[in-house]
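Biologist: I am new to this structure and would like a close look at one place where two helices meet. Could you take me through that part carefully, and then set it beside some other parts of the fold?

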Amino acid sequence: MGKPTGFLDYKREESEALSPKERIKDFHEFHTPLSYEKQQLQGARCMDCGVPFCQYGQNIAGMTSGCPLNNLVPEWNDLVYHGNYEQAYIRLHKTSNFPEFTSRVCPALCEKACTNGVHSEPVSTKENERAIIEYAYEHGLAAARPPKVRTGKKVAVIGSGPSGLAVADQLNQRGHLVTVYERHDKVGGLLRYGIPNMKLEKSIIDRKIKVMQDEGITFVTNADVGASVKANSLTKDYDAVVLCCGASHPRDINAPGRDAKGIYFAVDFLTSTTKALDENAIPQGDYISAKGKDVIVIGGGDTGNDCVGTCMRHGAKSITQLEMMPCPPVERTASNSWPEWPRILKTDYGQEEAIAAFGHDPRIYQTTVKEYKKDKKGDLHSVVLVSLEAKKDEKTGRMNMVPIEGTEKEVPCQLVLIAAGFLGSEKYVTDAFKVSLDGRTNVEGKNGSHATSVNKVFTAGDMHTGQSLVVKAINEGRRCAREVDEFLMGYSNL
């Protein structure tokens, strides 16, 4: 695949990013893609490795290695090298419903498993994917293609995040009549309100939703199923119902003073900014602002980094990001060999921006909040931090991070953003449909399937598996759609 000696002839080249101090002036995407001609040379770097772990997508040592969608990576890398972007899009679209999303927000599991990455730089597969899908839109290849035959079967999809959109897209192409219900004012779920604009411009979502509408999918917004929309009316009116409501119950960090004003969950903070932007470069109107404030972000994952990047654009006075676990190594250890997911230190865009602005990494490891302190008005004014160490629980044998007495330190803080992950599905939705849950409050599938304990009700995405990646949610949606199709038709060609 690609040019036999391409990985020797060409160095990895990525799209150029604006400098950290420049890009924090607005909320726009900040990478300038390579030309299609230069991108071809990146496709040439895909070697004929024999065993393409880039498209493997299965767990190795408890972590996913390669693309969960099993994208035909070597095939379309080769087509990019030869300049055949049209055929590359056809091969990409065969396994991926939304490359316009994954090419922007996916952590590129394919690249982490690339054979080139063992001794050199991996193929820039993620940017090759973006070049393919943008070429497809520019040349009319990604235009609406409504199904020619309808089955007459009606399906309701609850939630318009990546899994819900994937279910809807697949079942609509099969010919079923699909209606997607979204509780927010706009479609997109996590894609719209959990991922900031600088990672995924909302016009990219709107572009794809317009295509899906033209293909026959109906979207109903401001429809809170389980509250304003009754669950039993949907199970009565539709031949199948698919729950794709995400793992939207956030994990809290409880400590004395938790009721102080100025403490928010990360997704509420990010949603506030996204709604306030409304196509402008600077937020407008009422929103949760970090401007001029000392900010503490609790949580070191992607969402925590997104909070850091958003606070930088607000104009925060200072930003500190707390991570409970120890700092990962800079390079792979002997116990974390390729093609396992590399458990190494990653400095993302938000942290890069904080380093450029403040002169130091905002992250503090093995630390959490012991107390939130408020003034007489109830406003947060500082937090007490405490260091953590790993200790074995004698009863369970598990290692837990526990506070170290005497390491407390009070720091000024007027805004805390909790990005500590999610605990599972929201109770009012699962109660409304009366579906069975597992021990983590995820909706349980019968015998490992996507069918729930309730007849003709299915589930997919984070609501089924727990918090995960966008690319995994899309894969979940595709697999669930096949099961729904078999349920409706007795067989499936999806």
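**A helix crossing and its surroundings**

Modeller: In this predicted model, helices α9 and α18 lie oblique to each other. Angles under 35 degrees count as roughly parallel and those from 65 to 115 as roughly perpendicular, and the axes of α9 (residues 162-174) and α18 (residues 470-489) cross at roughly 40°, coming within 7 Å, so the pair is called oblique. The crossing of these two helices is right-handed. On the α9 side, the contact is made by Pro162, Ser163, Ala166, Val167, Gln170, Leu171 and Arg174. The α18 side supplies Val470, Ala473, Ile474, Gly477, Arg478, Cys480, Ala481, Val484, Asp485 and Met489. Sorted by character, the residues of this contact are eleven nonpolar, three polar and three charged.

Another helix pair can be set beside this one, namely α3 (residues 36-44) and α4 (residues 73-81), whose axes come within 7 Å and cross at roughly 135°. That angle makes α3 oblique to α4, and the crossing is left-handed. Here Gln39, Gln40, Gly43 and Ala44 of α3 meet Asn77, Val80 and Tyr81 of α4, and the residues of the contact divide into three nonpolar, four polar and no charged.

Turning from helices to strands, there is an open sheet of five strands in the order β7-β6-β5-β8-β18, with parallel pairing. The edges are held by β7 (218-220) and β18 (457-459), each with a single partner strand, so one side of each is left without a neighbour in the sheet. From one strand to the next, the twist averages 20°. At the β7 edge, strand β6 (residues 177-181) is joined to β7 by three bridges, the two strands running parallel, and Thr179 stands opposite Thr218 in β7.

Side chains also link parts of the chain, and a search of the whole structure finds nine aromatic pairs. One of these brings together Phe30 and Tyr349, with ring centres 5.9 Å apart and planes at 45°, so the pair is tilted. Phe30 sits in the loop between α2 (20-23) and β2 (31-32), while Tyr349 belongs to helix α15 (residues 349-358), so that the pair links distant parts of the chain, 319 residues apart.

How values were computed. Residues numbered from 1 in each chain as written. Predicted model: local features only at pLDDT ≥ 70, side-chain atom pairs only at ≥ 80, totals over all residues. Heavy atoms only, no water. Axes fitted to C-alpha atoms, helices over the stretch in contact; angles between N-to-C directions. Helix = DSSP H or I, 4+ residues; strand = E, 2+ residues; numbered from the N terminus. Parallel < 35°, antiparallel > 145°, perpendicular 65-115°, else oblique. Left-handed = near helix turned anticlockwise from the far one by under 90°. Contact = heavy atoms within 4.5 Å. Nonpolar A, V, L, I, M, F, W, Y, C, P; charged D, E, K, R; others polar. Pairing = 2+ DSSP bridges. Phe/Tyr/Trp six-rings, centres within 6.5 Å; stacked < 30°, edge-to-face > 60°.
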